[in-house]
Amino acid sequence: MHKVLVAYISRTGMTEKMAGFIAEGIRLAGHEATLKKISEIGNENDLNGYDGYIFGCPTYHRDMTSGMKNFLFLAQKANLTGKMGGAFCSYTHSGESGAMIFDTMQHVYKMDMTDLGALNLKEHAIDSQEGIKACQDYGKEVAGKFKG
Ligand SMILES: Cc1cc2nc3c(=O)[nH]c(=O)nc-3n(C[C@H](O)[C@H](O)[C@H](O)COP(=O)(O)O)c2cc1C
């Protein structure tokens with residue numbers, strides 16, 4: 001069994017719902033998922049002990065939130081090179097933040113990112129059967145990269 005951290009920021013709860021469904025998918029794949037708000041992660045040592053990382057942030061003003069930007073500087077100090085990774089975002093019309101986070105995880109941290117790219121869901125779809133399944137499948141996909 002491998003351990004995956006799903007860390008997110010959410011202002012009105014939509015990205016938080018996605019995080020919960022992604023964690024379900026990881027568990028359905030037989031692995032351990034830990035859900036944390038990024039505000040609960042005080043320093044880079046809090047990122048130790050996981051085999052995979054999935055980070056999520058809603059899009060506001062066509063950008064990540066400042067909290068997520070600060071978190072990504074913190075995460076840079078943890079050695080995530082080669083670890084499994086994914087990113088996600090809730091949005092209404094443009095949805096840039098998932099791809100921005102994914103890009104940092106791939107090119108700066110040099111993580112082993114899912115071939116799916118970031119999971120971006122319009123907020124009205126998150127509670128639908130398709131939305132829940134998309135999140136669960138994303139968690140399964142990242143966890144499915146673990147061998148054994
Ligand atoms: C002031 C404001 C700005 C927003 N800007 C964007 C945006 O640029 N692009 C977009 O796709 N959604 C935008 N949204 C919509 C949010 O991304 C969407 O409501 C999201 O589901 C919120 O997620 P959360 O509940 O996790 O905070 C904006 C919402 C607000 C209130």
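Me: Which elements each supply at least two residues of the shell around the ligand?
Reply: They are α1 (14–28) and β4 (84–91); helices (H or I, at least four residues) and strands (E, at least two) are DSSP runs, numbered from the N terminus. This is a predicted model, where local features need pLDDT of at least 70, side-chain atom pairs count only at pLDDT 80 or more, and totals for chains, interfaces and linings use all residues. Residues are numbered from 1 along each chain as its sequence is written.

Me: How many residues surround the ligand, and which are the closest?
Reply: There are 18 around the ligand, and Arg 11, Thr 12, Thr 15, Pro 58 and Tyr 91 are the closest. To count, a residue's C-beta atom, placed from the backbone, must lie within 6 Å.

Me: What makes β1 and β2 a pair?
Reply: Pairing takes at least two DSSP bridges, and β1 (residues 3–8) and β2 (residues 32–37) have six, in the parallel sense. In one of them, Val 4 has Ala 33 of β2 as its bridge partner.

Me: Why is α1 called oblique to α4?
Reply: The axes, lines fitted to C-alpha atoms over the stretch in contact, have angles from 0 to 180 degrees between N-to-C directions. Those of α1 and α4 (residues 129–144) cross at roughly 50° and come within 7 Å. Under 35 degrees is roughly parallel, over 145 roughly antiparallel, 65 to 115 roughly perpendicular and the rest oblique, so α1 is oblique to α4.
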